Amino acid sequence: MLPQPALLWLLGLSLALALTGCKVSKDQVKGWGDTKDAFRLAKVVKDGKQAMDVRQEAAYQLVRIERFFELEKALKGASKGDSQKIASALVKRLMPAVKAGNPDAAEVVKAKDGLFSAWYF
């Protein structure tokens, strides 16, 4: 067992890290998309401390793994201006899949569902 001062130091460090939060990278977001971790992705979309491009990637990954309800909740949890920026980037990224006449019908449906989730914002 650790001595009491060491435990207090470890507790203080853990609390400081929890309060400051960690910056997330696009690679981490893509990894969470690959493992279908909708909870972490939605958290990034809502987190105003994260870079906007990372938040936009997280929103796209939620569409990719077909977690539209989580996307909508995350966009509602973000500030209005941020949710509009995220939704706008999502629309720009998904529209080519719908317009291009993609032969993969499942991808078109997924893109349309993502657009529907983002249209309100």
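Helices here are DSSP runs of H or I with at least four residues, numbered from the N terminus. By that rule, Phe116 belongs to helix H7. The model described is a predicted one.

The chain contains 7 helices and 0 strands. Read from the N terminus, the order of elements is α-α-α-α-α-α-α. The chain has 121 residues, and buried residues account for 32% of them. Its exposed surface comes to about 7800 Å². Carbon and sulfur atoms supply 61% of that area. Among contacts with a separation of 6 or more, 64% join residues 24 or more positions apart.

The largest nonpolar core holds 26 residues. Val29, Leu41, Val44, Val45, Leu62, Leu71 and Leu90 touch the most other members. At least two residues of this core come from each of helix H2 (26–34), helix H3 (38–46), helix H4 (52–64), helix H5 (68–77), helix H6 (80–99) and helix H7 (105–118).

Leu41 illustrates the packing around one core member. With residues up to four places away in sequence left out, Leu41 touches Val29, Trp32, Gly33, Ala58, Gln61, Leu62 and Ile65. Two of these partners, Val29 and Leu62, are also listed among the core residues that touch the most other members.

Gln61, another partner of Leu41, lies in helix H4. Gln61 counts as buried because its relative accessibility is 4%, and the cut-off for buried is under 20%. Beyond residues up to four places away in sequence, Gln61 touches Val29, Lys30, Gly33 and Leu41. Val29 and Gly33 are thus touched by Gln61 and by Leu41.

Lys23 presents a contrasting environment. This residue sits in the loop between helix H1 (4–20) and H2. Lys23 is exposed, since its relative accessible area is 61% and exposed means over 50%. Lys23 touches Gln28, Lys49 and Gln50, again not counting residues up to four places away in sequence. Lys23 and the core residue Val44 are 21 residues apart in sequence. In space, 9.4 Å separates the two, C-alpha to C-alpha.

Charged side chains were examined next. Side chains of opposite charge can pair when their charged atoms come close. The whole structure yields 7 salt bridges. One of them joins the side chains of Arg93 and Glu57, at 2.7 Å from N to O. Arg93 lies in helix H6 and Glu57 in helix H4, so this pair ties together parts that are 36 residues apart in sequence. The two partners differ in exposure. Glu57 is buried, at a relative accessible area of 5%. Arg93 is partly exposed, at 40%.

Two further salt bridges join residues at shorter numbering intervals along the chain. Asp37 and Arg40 meet through their side chains at 3.5 Å, N to O. Arg40 has a relative accessible area of 41% and is partly exposed. Glu70 and Arg67 form another bridge, with 2.5 Å between N and O. Arg67 also counts as partly exposed, at 32% relative accessibility.Aromatic side chains make up the last group. A pair of aromatic rings is described by the distance of the centres and the angle of the planes. The structure holds 2 aromatic pairs. In the pair formed by Phe116 and Trp119, the ring centres are 6.4 Å apart and the planes stand at 45 degrees, so the pair is tilted. Trp119 and Tyr120 form an edge-to-face pair. Their centres are 6.3 Å apart, with 85 degrees between the planes. Ring pairs thereby link Phe116, Trp119 and Tyr120 into a cluster.

This cluster lies on the surface. Phe116 counts as exposed because its relative accessibility is 57%. Trp119 and Tyr120 are both exposed as well. Together, Phe116, Trp119 and Tyr120 form a nonpolar surface patch with about 460 Å² of accessible area.

Technical notes
Residues numbered from 1 in each chain as written. Predicted model: local features only at pLDDT ≥ 70, side-chain atom pairs only at ≥ 80, totals over all residues. Heavy atoms only, no water. Core = buried A, V, L, I, M, F, W, Y, C linked by side-chain atoms within 4.5 Å. Buried < 20%, exposed > 50% of the residue type's maximum accessible area, 1.4 Å probe, protein only. Contact = heavy atoms within 4.5 Å. Patch = residues over 30% accessible without salt bridge, like charges linked within 9 Å, V, L, I, M, F, W, Y side chains within 5 Å. Areas by Shrake-Rupley, 256 points an atom, 1.4 Å probe, with all protein chains shown as cover. Salt bridge = Lys/Arg side-chain N within 4 Å of Asp/Glu carboxyl O. Phe/Tyr/Trp six-rings, centres within 6.5 Å; stacked < 30°, edge-to-face > 60°.
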